[in-house]
Amino acid sequence: MGPGRSDLVVVGAGAAGLFACLSAAREGARVTLVSARPLAETASYWAQGGLAAALAIEDAPERHLEDTLAAGRGLVRRSAAETLCNEAPARFRELEALGVRFDADRHGHLSLGLEGGHGVRRVAHAGGSATGRRILRQLSADVAEHEAIEVLEGARAAALVKHEGRAVGVRLEDGRGLAARGVVLATGGAAALWSRTTNPPGSFGSGLLLARAAGAALADLEFAQFHPTAVVGIKGREGFLISEAVRGEGATLHDARGERFVDELAPRDAVARAIFRTLREQDLTAVHLDMRHVDPGHFPNVVAALRDAGLDPATELVPVAPASHYAMGGVVSDLDGRSGVDGLYAVGECACTGLHGANRLASNSLSECFVFGRRAALGALDDPEPADVPDGAPPEPPLAPAPTRETRRAMWAHAGLERDAEGLQPLLDDPHPLARLVARCALFREETRGAHARADHPDLDPALDLRHTVVDAGSEAPRLEEWA
Ligand SMILES: Cc1cc2nc3c(=O)[nH]c(=O)nc-3n(C[C@H](O)[C@H](O)[C@H](O)COP(=O)(O)OP(=O)(O)OC[C@H]3O[C@@H](n4cnc5c(N)ncnc54)[C@H](O)[C@@H]3O)c2cc1C
């Protein structure tokens with residue numbers, strides 16, 4: 001194949017993108033990987049807790065499925081969750097075979113962590129709380145060494161290129177055109193649209209806007225997960241995430257009076273909201289996480305990061321509050337990552353298969369990256385030979401601009417842990433296109449479900465069970481859809 005042509009263009013070098021590249025290259029495909037930011041600035045690299053898979057003897061994919069369905073609050077697309085739960089163990093073994101060394105107990109058996117919403121220990125981790133870093137280092141080294149994979153670092157996709165209705169490639173910001181049979185978007189989530197976030201600044205949903213401009217539908221944008229325990233008020237560590245696994249190992253949460261106020265292992269939305277209410281009722285900026293009795297050796301990078309910032313979690317309480325963490329919504333995609341546009345696939349956090357429903361079960365997202373990253377990569381190889389994509393100017397103004405500070409603050413203030421119509425309404429005029437769509441979807445869903453809490457509609461509406469909020473390309477009006 002000539003320059004600028006390959007079988008697959010993968011946009012994004014997080015867990016989903018890297019795994020998709022390797023899966024395709026292993027089948028003999030030539031792959032071009034486009035990555036805007038350095039490895040250490042992907043959400044995947046920052047992942048702490050681990051990846052969920054039914055690996056324990058007492059566990060089974062069916063139990064993993066039950067927990068995923070329960071966390072998703074009546075909105076999980078069962079077929080997607082079944083795919084994840086059935087295939088996660090095999091992808092875990094594949095990572096092991098690639099050389100990722102997951103933590104073992106002192107008998108040499110795989111050590112599995114417990115996180116909120118999981119009925120059994122199911123979360124495989126590496127280097128304690130350095131799971132993402134360990135996995136990404138291995139995958140990126142493999143990608144860099146693979147002769148069938150060309151890596152374009154510091155290259156940002158500015159648009160998708162279509163020919164006769166199919167996605168046939170990508171236009172980079174510098175005008176280069178890349179042609180391929182299929183384009184896999186693995187651009188990560190949109191949590192950094194909110195000002196207080198655990199995510200790197202690049203997670204503002206650029207892939208969603210590129211896909212939308214190419215004709216793909218987006219869904220479930222109102223479901224933004226807020227992580228309960230991100231650091232508050234420690235210089236240089238604002239928003240730093242303290243893994244759920246720390247609570248799995250016995251860390252507790254305390255209000256201003258030093259009292260516990262929530263079951264620390266309840267699903268994320270419940271814990272985050274309990275903290276949010278406690279902050280409001282007691283007029284606080286943070287509650288306290290007591291991890292003094294947790295073995296620091298289990299969470300070396302959390303402990304080191306806090307100690308570097310001058311707080312020793314082995315002897316002091318850690319001030320924490322919720323922060324925007326994960327986007328359940330994204331590009332509507334099927335079980336092989338296919339969007340509504342032929343040749344265009346979305347995997348990882350930028351996709352919405354319906355797997356997470358209204359609330360992602362902790363540690364299902366890394367597993368999702370591997371399970372669906374692979375499926376999409378293999379699916380795309382059956383697409384037709386690539387057309388030509390000549391170089392040309394990128395769209396102006398940009399299709400996926402970074403949000404301004406004002407947008408991010410407005411999102412935090414009005415589309416945060418609790419929303420209402422009065423706050424959401426002004427966001428409909430926000431200059432950022434994705435902020436507007438999130439507000440539209442949040443206004444449209446007049447109920448409280450999982451991560452979406454409407455102060456003016458505090459109850460779950462059973463009529464909305466299994467009904468996803470879809471926004472078609474070219475429209476800003478959401479509609480409801482059930483997915484098989
Ligand atoms: C602090 C933290 C801890 C977490 N812990 C866990 C955990 O323990 N377990 C778990 O399952 N999940 C965890 N998550 C969530 C999980 O890490 C993410 O959902 C997942 O890693 C997303 O992977 P991804 O490959 O989809 O995207 P990312 O890892 O975000 O990668 C996105 C990539 O796309 C690139 N990109 C974006 N736009 C463009 C563009 N236009 N052109 C070119 N490149 C582009 C970026 O540069 C980046 O390379 C955590 C998240 C955070 C932030």
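Analyst: Helices here are DSSP runs of H or I with at least four residues, strands are runs of E with at least two, and both are numbered from the N terminus. The model is a predicted one: local features need pLDDT of at least 70, side-chain atom pairs count only at pLDDT 80 or more, and totals for chains, interfaces and linings use all residues. Numbering starts at 1 along each chain as its sequence is written, and side-chain values rest on heavy atoms, with hydrogens and water left out.

User: What makes a residue part of the shell around the ligand, and which are the closest?

Analyst: A residue is in if one of its heavy atoms lies within 4 Å of the molecule. That gives 38 surrounding residues, the closest being Ser44, Gly49, Gly50, Glu349 and Ser365.

User: Why does Gly49 count as making a polar contact with the ligand?

Analyst: A polar contact is a pair of N or O atoms within 3.5 Å. A polar backbone atom of Gly49 sits 2.6 Å from a ligand oxygen, so the pair qualifies. On that same cut-off, a backbone N or O of Gly50 makes it at 2.7 Å from a ligand nitrogen, and one of Leu366 at 2.8 Å from a ligand oxygen. As for cover, the protein hides 97% of the 1,000 Å² of accessible area the ligand has on its own (Shrake-Rupley, 1.4 Å probe).

User: Which elements give two or more residues to that shell, and which gives the most?

Analyst: Helix H1 (15-26), strand E2 (31-35), helix H2 (43-46), strand E15 (318-327) and helix H10 (364-380) do. H10 gives the most, with 4 residues.

User: What makes E12 and E15 a pair?

Analyst: Two strands pair if DSSP finds at least two bridges between them. E12 and E15 have 6, in the antiparallel sense, so they pass. Phe226 stands opposite Ser324 in E15. The open sheet has 4 strands in the order E12-E15-E14-E13, with antiparallel pairing.

User: Why are E12 and E13 called edge strands?

Analyst: Strand E12 (224-231) and strand E13 (252-254) each pair on one side only. The twist averages 45° from one strand to the next, with axes fitted to C-alpha atoms and angles running from 0 to 180 degrees between N-to-C directions.

User: Why is Ser333 called buried?

Analyst: Buried means under 20% relative accessible area (over 50% is exposed, in between partly exposed; 1.4 Å probe, protein chains only). Ser333 has 2%, so it's buried. Ser333 is found in the loop between strand E16 (330-332) and strand E17 (344-346). Its C-alpha lies 8.9 Å from that of Leu218, though the two are 115 residues apart in sequence.

Note on methods. A polar contact is a pair of N or O atoms within 3.5 Å; within protein, one must be able to donate a hydrogen and the other to accept it, and residues adjacent in sequence count only if both atoms are side-chain atoms.
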